[in-house]
Amino acid sequence: MIEFSLDSGSGVSPYLQVVHQVRRALRLGLLTEGDQLPTVKDVVARLAINPNTVLKAYRELERDGLVAARPGVGTFVTRTLADSSLAAHGPLRRDLVRWLAKARLAGLDEESIEALFLATFRHVNEETA
Amino acid sequence: MNTVVTAHGLGKQYRSRWALRDCTLEIPTGRVTGLVGPNGAGKTTLLRLIVGMLDPTVGTIEVCGGKPAADAAQLAKVGFVAQDTPTYAGLTVADHLRLGAHLNPRWDDATARSRTERLGLDPRQKAGRLSGGQRAQLALTLGLAKRPELLILDEPVASLDPLARREFLRVLMEAVAEHEISVLLSSHVVSDLERVCDHVVVLVDSQVRVAGDVDDLLATHHRISGPLREPSTLPADQHVVSASHTDRQSTYVVRTPAPILDPAWSVSALGLEDLVLSYMEGAAFAPTHPDLEVLR
């Protein structure tokens, strides 16, 4: 079971935050097929959020074929997003750690590293889009 | 869209002052709608018009398919928790429930009792001896046990500490999950409403400035900043909500359905609080609104 959290003021609507958190958990293998998502009532009780928000998020995940609702029981994961790519995470992470060490050695502070990464990430995304 | 409140050209005048003007509004059924705006914007006036405690000077209003406070059936459909969640200080918790049962045809006694029990309210305790948070919970319990179609709350959490605030909103949201109920609550603190409301109405200087689904509003509003630029040079589909300039930089909050492509701008998302605040700021120079009140 996973727990949701909300970042208010981020400009991302609460329902999208829930969707993103489920997708991230699926991608990282924290949630796999057959796992149950928290019930709407549980999420409402924990976060004091609008039940419609949770329902909307679950409906969107259902539309994407990631979860299925079993009436009266709950919402369950039907597909994982991790599958083949999860095995590659380890080596990629090691590359990233090495790269980060290099960046620090070159004198970049946290802010510059983040800015450089984001700018490159966006640039590559735009080129491939 | 099914609506629980429909208003056309609604206005309320007190002597020479308009507390609410030209209010045309639809509030969807089955949703939690936040009514936000600064103090004195006309929120309480609008709520009282919906409840039927005030008659409009001009315009029409329909609530749950009827005229506000027209008859007993209409009164039973709308619950109202007034500002600062009032209770009778000299009456006990049990007295309040008995009073509720006598005064409301659709009273749900089982809900009322299980709620007070779950909240740990002693039935023999006088309401005047309860903490602020408990008093608010008692008022909410009465509002919910009435089993209205529309529950209206005027600044319900304004005087509560953060913990009691969260607890109050949690109980309210659980009730929304349990019963099919439309909720309309006002607040001048937007951060309280961000997670509980899926629809908002922003009221500034006695006029509705913007209304819509929270998700839509968040998706269509952006803060853009870049080199100094006149608002007239922005694309036609970008509606300027607020603007500020320094000698070399311009920052706008714009509403647009389309993505912002101009590479000169750095674009960022807006939280609901910032979004509402930009409408309040924007009111100060909105050309449609030559009003002396903005000088306050």
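**Exercise 1. The loop between E1 and E2 of chain B**

Determine which residue in the loop between E1 and E2 of chain B departs from the usual backbone geometry, and establish whether Arg15(B) is exposed or buried.

*Solution.* Step 1. Arg15(B) lies in the loop between E1 and E2 of chain B; helices (H or I, at least four residues) and strands (E, at least two) are DSSP runs, numbered from the N terminus. The model is predicted: local features need pLDDT of at least 70, side-chain atom pairs count only at pLDDT 80 or more, and totals for chains, interfaces and linings use all residues. Residues are numbered from 1 along each chain as its sequence is written, while chains are lettered from A and ligands numbered from 1 in the order in which they are written.

Step 2. Most residues other than glycine have a negative phi. Arg15(B), although not a glycine, has a positive phi of about 45°.

Step 3. Arg15(B) has 5 C-beta neighbours inside 10 Å and therefore counts as exposed. The classification calls a residue buried if 20 or more other C-beta atoms lie within 10 Å of its own, exposed if 12 or fewer, and partly exposed in between, with C-beta atoms placed from the backbone.

Step 4. Asp84(B) also has a positive phi without being glycine, near 60°. Asp84(B) is found in the loop between strand E5 (78-81) and helix H3 (93-103) of chain B, and is partly exposed, with 16 other C-beta atoms within 10 Å.

**Exercise 2. The sheet around E1(B)**

State in what order the three strands of the open sheet in chain B are arranged, and which strands stand at the edges.

*Solution.* Step 1. The order is E2-E1-E4 (chain B), with antiparallel pairing; two strands pair if DSSP finds at least two bridges between them.

Step 2. Strand E2 (17-28) and strand E4 (58-63) of chain B are at the edges; each has a single partner strand, so one side of each is left without a neighbour in the sheet. From one strand to the next, the twist averages 15°; axes are lines fitted to C-alpha atoms, for helices over the stretch in contact, and angles run from 0 to 180 degrees between N-to-C directions.

Step 3. Strand E1 (residues 3-14) of chain B is joined to E2(B) by eight bridges. Ala7(B) has Leu25(B) as its bridge partner in E2(B), and Thr6(B) has Glu26(B). The two strands form a hairpin with two residues between them.

Step 4. E1(B) and E4(B) pair over five bridges, where Val5(B) stands opposite Val63(B).

**Exercise 3. Asp22(B)**

Locate Asp22(B) and identify which residues it touches.

*Solution.* Step 1. Asp22(B) belongs to strand E2 of chain B. With 14 C-beta neighbours inside 10 Å, Asp22(B) counts as partly exposed.

Step 2. Not counting residues up to four places away in sequence, Asp22(B) touches Gly9(B), Gly11(B) and Gln207(B); two residues are in contact if their C-beta atoms, placed from the backbone, lie within 7 Å.

**Exercise 4. Two helices of chain A**

Find what the buried residues of H3(A) pack against and what covers those of H1(A).

*Solution.* Step 1. Helix H3 (residues 51-63) of chain A has 13 residues and reaches 18 Å from its first C-alpha to its last, close to the 18 Å expected at 1.5 Å a residue. The expected span is 1.5 Å times one less than the number of residues.

Step 2. Among the buried residues of H3(A) are Val54(A), Ala57(A), Tyr58(A) and Leu61(A). An α-helix has 3.6 residues a turn, so residues three or four places apart point the same way.

Step 3. The buried residues of H3(A) pack against helix H1 (14-27), helix H2 (40-47), strand E1 (67-70) and strand E2 (74-77) of chain A, together with helix H6 (162-178) of chain B.

Step 4. The buried residues of H1(A) include Val18(A), Val22(A) and Leu26(A). Their cover includes H3 and E2 of chain A together with H8 of chain B.

**Exercise 5. The contact between the chains**

Establish how many residues of each chain are in contact with the other.

*Solution.* Step 1. The contact involves 22 residues of chain B and 20 residues of chain A.

Step 2. On the side of chain B that touches chain A, H6 and helix H8 (214-220) each supply at least two residues. The largest share, seven residues, comes from H6(B).
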